[in-house]
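Hi there,

Here is the structure I promised to pass on to you. Have a look at it first, and then read my notes below.

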Amino acid sequence: MSELPQRQTDIGPPHYSKFLHPVIAKNYGKWLYHEVLTPGTMVHVAESGDKIFTVRIASPRILSTDTIREHCEIAEKHCGGHLRFTSRNNVEFFVDAESKVAPLVKDLEAKGFLLGGIGPRISNIVHTQGWVHCHSAATDASGLVKAIMDELHEYFTTKELPNKVRLAVACCVNMCGAVHCSDIALVGVHKTPPRIDDVNVKNACEVPSTIASCPTSAISPNPATKSVKIKLEKCMYCGNCYSVCPAMPIADAVNDGVAIVVGGKVSTLRSNPTFSKLVVPWIPNNPPRWPQVTDAIKVILKAYIAGAKKHERVGEWIARIGWESFFKETGFEFKLQHIDDFTFARETFRMAATFKWT
Amino acid sequence: MSKKKYDSPLLDELEKGVFPSFVTEIKRAAAHSDMANDLIGHTELCYKERVTHWKHGGIVGVRGYGGGVIGRYSDVPDKFPGVAHFHTVRLNSPSGFYYNATVLKELCDLWDKYGSGLTNVHGSTGDLVFLGTRTEQLEPFFAETSSRGWDLGGSGSALRTPSCCVGKSRCEWANIDTMAITNDITQHYQDEMHRPAFPYKFKFKAAGCPVDCIASIARADMSIIGTWKGDIRINQAEVLNYSKTMDIKAEIIDMCPTGCMQFDGKALKIDNSNCNRCMHCIAKMTKALRPGTEQGATLLLGSKAPIVTGALMSWVIVPFIKMEPPYEEFYDLIDKIWEWWDENGKNRERIGELIERLSFPRFLKEVGLEPSPAMVKWPRRDPFFFWSEEDIQR
């Protein structure tokens, strides 16, 4: 191997100012307004009168170096090499004149990139690693995202909705993607307790921290095996013990699946941020395209489009019509699993007789 | 290279359809990487058996660092030797996720040399994620990248890579310089990021306004959210222009959560003392309305995903702070919060959970923050409150 360069430590990331488009650098902090021009383009206008046009394309988030180089080539040809990525993993290109937008768009489309995601639409789905790269995944994330977006891509590229609909996928309840405040989110769930590998618990795990990891105190010492035991009726299949102790695997090919939660948001527009709430407790993993999951999402979206007023997010629409009406509109079965029995249960009970008949 | 070609009928199905495919990405990398090639076979097996085949991460990393690399091993290494080790390297992204082609291509070349050729741009926390390499490649990749000005991000019980929205770089709503703040925090706390010494992870996210494009309120232990005092700036001529194409009463006035706006067809009036700065009107009439000019941030603390005792959103601990360099007041507060967390937190207990366990009043008292009605939705309804010794007559 050739000689390696001298390593540096604790230098932090490169300063962002090295990467800013000159128009962005010049008008930093002096922007006046912006307008969405098309589902994939917008313009920001500065107090100076300068304009920066942003063109946005979809990304599967898992990117090969080959694809990143293609992004770079387009950025070099049209944008002076400048590009950025959004918090939802889209790619954004910048040009400083309206006349430069069309040639950029043409090249992006010629390469097969999908423009869109801006305005009252479905943007890219925030998601986690899934079976592609995670040990605790109860479902795949990238595959679910691909299957869903193939069905809903028109809401990325063209069609409008009452407001933005933010989708997210987390492949287990650890929720690296923090999907718990999304308009529609999927979360991989287990339905069975972890299996204890006594020999490896003894050899590889710290028993006290394994016991302490359980939120329902279902795990206790097992002196006979120098391992642990689980009170099965207390286990809620969160998998936290498996995160602490690898000798307690919880993955179950038949019983793992996907739950759907809806109605969350993070912005304060009109109403405060809200958590997403459970609407479908479990759908079996049915790769590669999870048809029952995509069908359920389409049911939710259809009801939202039919029922929401302009500017209402999914959660605001449901808050207005009532959750009992949501179940009626979507036809989802309301089950025992929908009623909270955990930390925040009591605040979810209806302490008034003012529900609607459904 | 001696490459085994895998049949992947299930994954191939995910190359069909309109949306960009992760399978296509893996296959592109597989054309020049044995690791990516074996990832196809490995992932196909996961799809076929409907279960993950990754083992728990082992402890791997680079010299002098306690994080930034996530160990990952296949549980079927004999079948797929290319992914026997498939570690992740997290590089700290620049604030705002801005790059140029030169540096990205350079990183791509390095990753093709030392890793699988696969990335996540970005990971959930905001790192530039390099997906899949062997233990012996970690030091060389770190030497090559760090010598070019890059550093590792956070992992484990440490400060995680702070991230932010575009802020003042390309948004007229930014009340704080999110990118400058994020970069400053990152540089200020390099040791806390690279050498895990916390009870558990700690995340900062900075949003320029309450629209919160970075989802800080849901995903950051400390959410720094830009806000303002005083009057929303109105351009009445632009309001009139909007009135030609928009039903201002239905879409703006009636949707204002505090009912603080009036429009008589000629001029828009806002009772700013009743505005809660939700951003709806500003976001819908971008040319007509702008946030006020006395700008700063609200600090909120505690959000996290459901593991273990339920999801939390951050809640207000400092109603208003200027957030200007050198951020002394901010860093003083962070140091106090971390000290309190370090003293009281259990292993794997996030700051939000600790406050829930020990109580919010105790947190405020012990880190020295004054209580404010801005911190609660309503005062307590039960009569079981504590007093201090100084409140009692003896």
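**Aromatic rings**

Tyr189(B), Phe198(B), Phe202(B), Phe204(B), Tyr327(B), Phe330(B), Tyr331(B), Trp338(B) and Trp341(B) are linked into a cluster by ring pairs. Rings of Phe, Tyr and Trp (its six-membered ring) pair if their centres lie within 6.5 Å; planes under 30 degrees apart count as stacked, over 60 as edge-to-face and the rest as tilted. By this rule there are 40 aromatic pairs over all chains. One of them is the tilted pair of Phe326(A) and Phe332(A), with 6.3 Å centre to centre and 50° between the planes. Both Phe326(A) and Phe332(A) are buried; buried means under 20% relative accessible area, exposed over 50%, and partly exposed in between (1.4 Å probe, protein chains only).

Before you go on, please note that this is a predicted model: local features need pLDDT of at least 70, side-chain atom pairs count only at pLDDT 80 or more, and totals for chains, interfaces and linings use all residues. Residues are numbered from 1 along each chain as its sequence is written, chains are lettered from A and ligands numbered from 1 in the order in which they are written, and side-chain values use heavy atoms, with hydrogens and water left out.

Two rings also have a charge over them (NZ of Lys or CZ of Arg within 6 Å of the ring centre and within 35 degrees of the ring normal). Arg84(A) sits over the face of Tyr98(B), 5.4 Å from the ring centre. Arg195(B) does so over Tyr65(B), at 5.4 Å from the ring centre.

**Domains and cores of chain B**

Chain B has domain 1 (9-146), domain 2 (163-228 + 295-393) and domain 3 (231-290), with bounds from an automatic or database domain assignment. Taken over C-alpha atoms, the centres of domain 1 and domain 3 of chain B are 48 Å apart.

A nonpolar core is a set of buried Ala, Val, Leu, Ile, Met, Phe, Trp, Tyr and Cys residues joined through side-chain atoms within 4.5 Å. The largest one has 113 residues, of which Met222(B), Ile224(B), Ile317(B), Phe330(B) and Phe363(B) touch the most other members. This core lies between domain 1 and domain 2 of chain B, because both give residues to it. Another core, of 70 residues, lies apart from it and has Ile62(A), Tyr6(B), Leu11(B) and Leu45(B) among its members.

**A helix to look at**

Helices (H or I, at least four residues) and strands (E, at least two) are DSSP runs, numbered from the N terminus. Helix α13 (residues 351-358) of chain B is largely enclosed by the rest of the structure, because six of its eight residues are buried. Ile351(B), Gly352(B), Glu353(B), Leu354(B), Ile355(B) and Leu358(B) are the buried ones. They are in contact (heavy atoms within 4.5 Å) with β15 (294-301), β16 (315-321), α12 (328-344) and α14 (360-367) of chain B. Ser359(B), just after α13(B), has a positive phi of about 105°.

**Cysteines**

How many disulfides are there over all chains? The search of the whole structure finds one, a disulfide being a pair of cysteine sulfur atoms within 2.5 Å. Cys205(A) and Cys245(A) form it, with their sulfur atoms 2.1 Å apart. Cys171(A) is too far for a bond, because its sulfur is 5.0 Å from the closest cysteine sulfur, in Cys134(A).

Enjoy exploring!
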